[in-house]
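Subject: Structure handover

Hi,

Here is the structure for you to look over. My notes follow below it.

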Amino acid sequence: MMDNAEVRKVLPHREPFLFIDEVIEVNQESIVAKRFVSPDEDFFKGHFPNFPIMPGVLVLEAMAQSSALLGSHIMSQSANEKSIYLLCGVDKVRFKKKVLPGDTLIFKSSVISSKRGIWKFKCSAYSKEELVCAAEILCADRSLNE
């Protein structure tokens, strides 16, 4: 549905902090996005040198990025010089499985609610069809002048 170039048109993130490779499916209620976790990722050098695991906060960040893509799609609005989506809260986080070098993550996000530019999403991340992480994520559409 969206390749990496199209994702980059919507999100302001760039390497090494862009964690969505492509969008597989998106509609007005939900999104499915994908990320290949390369064994060459810089964070594996220090987390941990002899037992590389993708940091959970980065899995959450990827879930937030997929949610921002969904919000952008619903509002027909990309991040631009006037506004941007910001991560503003994370609730009910559960890590269920380690993310290892070479894993492919599938992110699913759906809208729970939206009020005054603050969106609440139900998010999950999967590797090999097994749940890796689940959370409720809050994102806010905010003016860059605030």
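A disulfide here is a pair of cysteine sulfur atoms within 2.5 Å. By that cut-off, this predicted model holds zero disulfides. Cys-88 is in none: the nearest cysteine sulfur belongs to Cys-139, 6.6 Å away. That separation is not within 2.5 Å, so the two sulfurs do not count as a disulfide. Cys-123 is also unpaired, and its nearest cysteine sulfur is that of Cys-139, at 7.4 Å.

How buried or exposed are these two cysteines? Cys-88 is partly exposed, at 45% relative accessible area. Cys-123 is buried, at 2%.

Next, Leu-11. Leu-11 sits in the loop that runs between α1 (4-10) and β1 (22-26). This residue is buried, because its relative accessible area is 4% and buried means under 20%. Which residues does Leu-11 touch, leaving aside neighbours within four places in sequence? The contacts are Leu-18, Gln-65, Ala-68 and Leu-69. Pro-101 lies 90 residues from Leu-11 along the chain, and their C-alpha atoms are 24 Å apart.

Last, the largest pocket. Its space comes to about 160 Å³. Glu-15, Pro-16, Phe-17, Leu-18 and Phe-19 are among the lining residues. So are Arg-35, Ser-38, Asp-40, Glu-41, Asp-42, Phe-43 and Leu-58. By type, the lining has six nonpolar residues, five charged and one polar. Leu-18 appears twice in these notes: Leu-18 lines the pocket and is in contact with Leu-11.

Best wishes

Methods: Residues numbered from 1 in each chain as written. Predicted model: local features only at pLDDT ≥ 70, side-chain atom pairs only at ≥ 80, totals over all residues. Heavy atoms only, no water. 1 Å grid on protein atoms, 1.4 Å probe; cavity = no way out; pocket = protein on both sides within 12 Å on 5 of 7 lines; lining within 4 Å. Points joined across faces, edges and corners; volume = space filled by probe spheres on them. Nonpolar A, V, L, I, M, F, W, Y, C, P; charged D, E, K, R; others polar. Helix = DSSP H or I, 4+ residues; strand = E, 2+ residues; numbered from the N terminus. Buried < 20%, exposed > 50% of the residue type's maximum accessible area, 1.4 Å probe, protein only. Contact = heavy atoms within 4.5 Å.
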